[in-house]
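This report describes two helices and their surroundings, and it is best read with the sequence and the coordinates at hand.

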Amino acid sequence: MKKYELVAVVAKKTGLTQTQVDEVINATCETIVETCVEKGGEVNLPTLGKFRQKSNPARDGINPLTKEKIKIKETHTLKFTPTATIKKTIND
């Protein structure tokens, strides 16, 4: 499902305009990124799951072409962990 499809479905279910729903979705995404990345917190949506920043520490690696040892620097990403209910739904 693309964003415009999501916006249309949510607008139909809530009675809001597509413009209003689009603004809410954009604000939600911005807030999740701001909270998790900039403030180091987490966002818990009880019916869906939890968003948090994950840090992958620096490590040694090997270049597969030259077999030389290389340093892989620390990286950061946004991690989503679904609720047990969602996991059960997916696995059934």
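In this predicted model, the buried residues of helix H2 pack against H1 and against three strands, namely E1 (42–45), E2 (49–56) and E5 (75–82). The residues in question are Val-21, Ile-25, Ile-32, Thr-35 and Cys-36. Because these buried residues fall within an arc of 110° when H2 is viewed down its axis, they line one face of the helix. The other side of H2 carries exposed residues, which are Thr-19, Glu-23, Glu-30 and Glu-38.

The lengths of the two helices can be checked against a rise of 1.5 Å a residue, as set out here.

| Helix | Residues | Number of residues | Expected span | Distance between end C-alpha atoms |
|---|---|---|---|---|
| H1 | 3–14 | 12 residues | 16 Å | 16 Å |
| H2 | 18–38 | 21 residues | 30 Å | 29 Å |

For H1 the distance agrees with the expected span, and for H2 the distance of 29 Å likewise agrees with the expected 30 Å. A glycine with a positive phi comes just after each helix: Gly-15 follows H1 with a phi of about 85°, while Gly-40 follows H2 with a phi of about 70°.

What do Met-1, Leu-6 and Val-9 form on the surface? Together they make up a nonpolar patch, whose accessible area is about 290 Å². Of these residues, Val-9 is placed in helix H1, and because its relative accessibility is 36%, Val-9 counts as partly exposed.

Terms used. Residues are numbered from 1 along each chain as its sequence is written. This is a predicted model: local features need pLDDT of at least 70, side-chain atom pairs count only at pLDDT 80 or more; totals for chains, interfaces and linings use all residues. Side-chain values use heavy atoms; hydrogens and water are left out. Helices (H or I, at least four residues) and strands (E, at least two) are DSSP runs, numbered from the N terminus. The expected span of a helix is 1.5 Å times one less than its number of residues. Patches are made of residues with over 30% relative accessible area and no salt bridge: like charges are joined within 9 Å, nonpolar side chains (Val, Leu, Ile, Met, Phe, Trp, Tyr) within 5 Å. Accessible areas come from the Shrake-Rupley method with a 1.4 Å probe; for residues, only the protein chains shown count as cover. A salt bridge is a side-chain nitrogen of Lys or Arg within 4 Å of a carboxyl oxygen of Asp or Glu. Buried means under 20% relative accessible area, exposed over 50%, partly exposed in between (1.4 Å probe, protein chains only). The arc is that of the directions from the helix axis to the C-beta atoms. Contact means heavy atoms within 4.5 Å.
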